[in-house]
Structures are given as structure tokens and as C-alpha cells.
Amino acid sequence: MDAVELARKLQEEATCSICLDYFTDPAMNTGHNFCRKCIWLTWEKAKGMKGRRKRKGSFPCPECGKLSPQRNLRPNRLLTKVAEMARQHPGLQSRDLCKVHQELLKLFCEDDQSPICVVCRESREHRPHRVVPVEEAMQEHKLKLEEDMGCLREEMAKTQRLQTREQQNLAKWQEKVEDRRRRILVEFEKMGVLLEEEQQRLLQALRQEEELMAARLRKSAEALGQQRHALETLLLWLEDRSQRGPLQMLQDMKDPLSRKNSMSVQYPETTPTMLRTVCKVPGQIDVLKTFQEDVVPDPATAYPYLLLYQSHQRHYLSTPPDGSPCNKDRFLAYPAGGGGGGAWRGHQTFSSGRHYWEVGMNLTADALWALGVCRDNVSRKDRVPRSPENGFWVVQLCKGKKYVPLVSSLTPITLTEPPSHMGVFLDFEAGEVSFYNVNGGSHLQTYTQSTFPGPLQPFFCLGAPKSRQMVISTVTLWVKG
């Protein structure tokens, strides 16, 4: 008997006939061995079976059927050691046996790619299949596995290199981010210092301008006060002479006439009080442009004779009157239009957030214009004062240079040059509308109130219908004269 057959026989002797696995706590009954747990479970099942023998306390042996008392079990310590030896022997592992026939797996089925025993080889299932010995299949598949392992090792090495590279890139990236973070903090701190210095410079310039203008005004007022006192003194003296008797009044008339003619009355020219110090925050326009919107007039609500130039094409922004009924939302009182966000998205309104847009003017010197925001339900048929009380937060230019905020409590501003590029910034939650001279980067005016009464939309007005243009974002408005 060869070693393989001997091992198979040893495995058969160490295997329980009930669970078909190596013995665990083997016990002997009627000369046959079983796992103690297996025989007990078998007897428990037999209690409920019909037709079993009525002899109480006796049960058949699963191997030979002989009756024996249930508790007549004797431990088999020798078999316990044999089962442990079989369990640890590498040639007797359960995976080396066919689960169906308990034979050694000596063959390999190429079609099913699984080991089989000699009994399986003769079965109907495997008879037409290509079968080779396990050792031959092992050599062939070992070469394939070694080839696959070589490829995997190469992929692992490549993956390791890439992982190392990415980790290095991550470290470099984090270093760059940290450097940029420090730079941002430093630059903003530096900018804060520069802004503080610029603020102090502007305040100092404003104080100097204030003192210089105040000194001129005080000097002019003092000179006018002295002149007024001299005129008042002469007036009182002449009134006294006029109240005297005829002879006393006419006596020496050359004196009052000479005193009146010798007095030099001078009226100085009105001192201009235009502030030259402007509110200009460096970089403010660039920050505002981060909120920039593409705004164009709404064709459904614009004044009928407004024309639109876009991409060198001229179109009527809205159809001229031809007797057909006008849209109830159309501006008819003056050449104006409400804005829509984006290209031809009409009726867009702003009810939250921050929004900024720019308007360029190519106008004649005496042109009139107004721009800002208005409520989406303002009066469009009747001329009303364009003031916050009527739903308008706008500014306008009169006679070329005088910039006028349309609120009685705000002082008009005279500009040295008419603005050609205006910026409008709406902060809805803050209740503010601000206006900026984009070319000079200076602040012009801000409307402030607690809250806005409702949604707002951009507002543009070109004044009387004459040839003039207003550029809004990338489109040009022109009033047909």
C-alpha cells in the first residue's frame, strides 16, 4: 500500500460517518465511533420519528441499526489523537478530497477550471471535458500565475511611484497654499496700512481745503461786515441831517455829498464752494466689479423711440406708436427704460443681494440724463418727481456738469468734468444705492434707508428726445430725434 492510499485510509478511519468531518470528542456505541455531539443530535431527531421501536430509552446505531441505551457511550481517546493527527497532516486536508466521493483530487478539469477525482472523471458531467493531471495543470497555471504576479508587481511599483509623487505634490501644494495664505494676510495687512494712510491723507487734504476755504469766506464776510458798518454809519449820519431844519440841513451840503461819493463800495465775487477733495478708495471699483451684472433695458417697458445698437446692428428697443394699445408697463412720460438682467431677460427685479452695473454716456454738453434704480411698479404714464417718495433712487446731470441727487435734503454736486462712465451699486439688504465715477474711481453719492419697500430694477433716462447715446454694458441706447 503506497503512502497516498495509506493516508486515504487513515482519513477514512478519522472521519465521522454522520458529519463526514474529522472526529470531535469521539465516542463508541455498539462498536462504532461517532462525534459525541453528532450521535446525540441523531438520537434527538429519532425521538420524534414514527415507527421507532417502543423500547423506552433505546435507540438504533446510525451505522448498523443495533439498539443500545442512549447513555451507553464510551469515549475513544485514541481515536481523538488519530483525528488530531489527520487534521494537522498537510496531505490530509479536507480540500484535497472530493466532497462528493471522498476521493483524492488527482485530476483537473480544464473546462470547469476545478480539481476533480477519478470517480468524477468517469461521470456523465465530466466525461466530454478535457482533463489533465493536477501536477501538469499546476505547472501550467503556476507559470500563468507567476506571469500575472510579475505584471502586478510592476503595477504595484508604478502605483507606489505615483503615490509617492502625489504625496510629494500634496506636500508642495499645501506649502504653496500656506505661502499664499501668508501672502494674502500680509498683503491685506499692508493694504490696510496703505488705506489708513490714504484715508489720513484725504482727511488732511479735506481739512486743509476746509481751513483755506473757511479763511477765505471768513475774510470775505469780515470785509463785508466792515463795509456794512461803514454804510450803516453813513446812513445814520445822513438820516440825522435829513431830520434837521431847512437851513441846518442845507448848510455845508458839500460835506455829506463828498462823504457819500468818497466811500468805495465793493462787492466780491461769490466764492466757489466746490470741493476738490474727492472720496476715492483705492481698488474700490475693482471690488465692486465682482458683483457686476449684465444689464440691458427691457424692450417691453422702454420708451417707444429708444433705439438699441448691439453688435453694429440697429434695432428699435420697442416698437414706435402706431395706434395700437401700449403695454401698461411701458414708459411714456420720458425717454426711459427699466433694466433686465442678461441679454433679453425682461422684467428681472432685484429683491436681495448686491448688484453692480456700469453705464457710459456719449452725450452733448447740455445733455440731461438720469440713472439709478426704481420700484418695479412706479408710475410710467405720468411725470412725477423722480424721488424715493415716488419709488426712484436716481441721480441726474443738468447742463453738462451739475450732478443732482434727486432728494431735497442732499446737496447738488458740481463736477469739473461731466462723468462719462458711471457705476451703480445696489446693496438691497443694507438699503443703499451708491453712485461712482468709474473713470476717476471716486464716490459721488449714496442713498441710505432702513429697507426698500419692494423689488427694484435698474432705471435709465436720456432726457429730451435729441441725438445722444447711453452705453449700458455692451449695448448702446440712442434717442431718435
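**Notebook: aromatic pairs, strands and one helix**

I began with the aromatic residues of this predicted model. One aromatic cluster is formed by Trp393, Phe428 and Phe452.

I then searched the whole structure for aromatic pairs and found 6. I looked up the pair of phenylalanine 291 and phenylalanine 425: the ring centres are 5.8 Å apart and the planes stand at 55 degrees, so the pair counts as tilted, being neither under 30 degrees nor over 60. This pair links distant parts of the chain, with the two positions 134 residues apart. I located phenylalanine 291 in the loop between helix 8 (284-288) and strand 9 (295-297), and phenylalanine 425 in strand 18 (residues 421-427).

Are these two rings buried or exposed? I noted phenylalanine 291 as partly exposed, because its relative accessibility is 26%. Phenylalanine 425 has 11% and therefore counts as buried.

Next I turned to strand 21 (residues 456-461), where 6 of 6 residues are buried. Strand 14 (residues 369-375) runs antiparallel to strand 21, and 6 bridges join them. Within this pairing I found leucine 371 bridged to phenylalanine 460 of strand 21.

I also examined an open sheet of 3 strands, ordered 7-6-8 with antiparallel pairing. Strand 7 (114-116) and strand 8 (131-133) are its edge strands, each pairing on one side only. From one strand to the next, the twist averages 40 degrees. I counted 3 bridges between strand 6 (residues 107-109) and strand 7; cysteine 109 has serine 114 in strand 7 as its bridge partner.

Last, I followed helix 5 (residues 134-242), which lies across strand 6 and strand 8 and runs at about 90 degrees to strand 8.

Conventions
Residues numbered from 1 in each chain as written. Predicted model: local features only at pLDDT ≥ 70, side-chain atom pairs only at ≥ 80, totals over all residues. Heavy atoms only, no water. Buried < 20%, exposed > 50% of the residue type's maximum accessible area, 1.4 Å probe, protein only. Helix = DSSP H or I, 4+ residues; strand = E, 2+ residues; numbered from the N terminus. Pairing = 2+ DSSP bridges. Phe/Tyr/Trp six-rings, centres within 6.5 Å; stacked < 30°, edge-to-face > 60°. Axes fitted to C-alpha atoms, helices over the stretch in contact; angles between N-to-C directions. Contact = heavy atoms within 4.5 Å.
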